[in-house]
Amino acid sequence: MPRPKKKNKAKKDEKTEDFSPLKRTLGVILAMSSCIFFAFSSLFVKLLQEIPPQEVVFFRSLVQVIFVLPPLIYSEVPVFGDTKHLPFLCVRGVAGTLALCCQFYAFQHMPLADATVIVFSSPIFTGVLAHFLLGEAWGLFDALATLLCFTGVVLIARPTFLFSRPLEPASQGSDLEQISASLVALCGAILTSIALIAIRKLQGVHFLVPVFYVGLSSVVLTTGAILASGSFQSVICGRSHEWFLLGLGLCGLGGQALLTRSLQLEKAGVVALVRTLDIALAFILQLLFLDYSANIYSIAGAALVLVVTRW
């Protein structure tokens, strides 16, 4: 009789250790670090405007697979994971790929500010989905922090449906196209939330395995899309395209690895909230490298996002 109690106690201690404050703090730090890599990824994508989005996704994912496969083989980790984890790995790979494609489509077919504010509404969906699917707490503090963070994103993005200003000439289109692209961006936010939830269910899996699945899924799906649409465009060497693509792939790999590990240590809702730091960092990179003019709304929004994510 005492032994079962000891076994149950051991299980309880193991569960407590998995969610210890130290590990949760490390999870937040890793999530914040992943934002740096993802922000530079956004900068590289912006510098590769001559290449179709699905092709950019393909090259980024190809670099990711090439660089993540050797460490997996060297560490003797099952590349395709255990059978019990296979459904969540597939969901992670497919949802992550489709989310990325939706985001690129939205950026191409609607004003960049509108697309950004919709895409980064994912913390709202992640918190709600994590509450119902994972049983994670979703209290008043989480709701308030998400609202403040989302407010900061709105101030930075300044979507045209809230702030009266001219649309970007390259993004002007019909109302139907605007609505369609908005729905696609919303789908991207929901798919991102689903991908984050799937990672949260993969706590016993090596953190590079989900990264490999995302890269492999992206390569397969984007290859099919490129062949079906006939939109392949050769990379222009001599204009730094090859280096931008390499940098994009490495930053994507670093960001995915850090994000995956952080989700194994901290709640999905918290990590999704910290990820909105991407917006503030991308805003800073635009100021430094893209000759972007700052305004009071952008500065206030960036400050609010930074304060909330550190709080």
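This text leads from the buried cores of a predicted model to a nonpolar patch on its surface.

In soluble globular proteins, nonpolar side chains tend to be buried together. Here the largest nonpolar core holds 26 residues, and those with the most contacts inside it are Leu48, Val68, Leu72, Val209 and Phe212. Three elements give two or more residues to this core, namely H3, helix H9 (208–229) and helix H10 (241–263), and of these H9 provides the largest share, with seven residues. Leu72 shows how such contacts are made: leaving out residues up to four places away in sequence, Leu72 touches Val77, Val79, His206, Leu208, Val209 and Phe212. A second core, separate from this one, has 13 residues, among them Ala31, Phe38, Ile197 and Leu263.

The loop between helix H3 (53–74) and helix H4 (86–109) contains His85. Because its relative accessible area is 11%, under the 20% limit, His85 counts as buried. When neighbours within four places in sequence are set aside, the contacts of His85 are with Lys201, Leu202, Gly204 and Val205.

On the surface, Ile36, Phe37, Phe40, Ile284, Leu287, Leu288 and Phe289 form a nonpolar patch whose accessible area comes to about 620 Å² together. The elements that give two or more residues to the patch are helix H2 (21–46) and helix H12 (277–289), with H12 giving the most, four residues. Phe37, one of the patch residues, lies in helix H2; its relative accessibility is 31%, between the limits of 20% and 50%, and Phe37 therefore counts as partly exposed.

Key: Residues numbered from 1 in each chain as written. Predicted model: local features only at pLDDT ≥ 70, side-chain atom pairs only at ≥ 80, totals over all residues. Heavy atoms only, no water. Patch = residues over 30% accessible without salt bridge, like charges linked within 9 Å, V, L, I, M, F, W, Y side chains within 5 Å. Areas by Shrake-Rupley, 256 points an atom, 1.4 Å probe, with all protein chains shown as cover. Salt bridge = Lys/Arg side-chain N within 4 Å of Asp/Glu carboxyl O. Buried < 20%, exposed > 50% of the residue type's maximum accessible area, 1.4 Å probe, protein only. Contact = heavy atoms within 4.5 Å. Core = buried A, V, L, I, M, F, W, Y, C linked by side-chain atoms within 4.5 Å.
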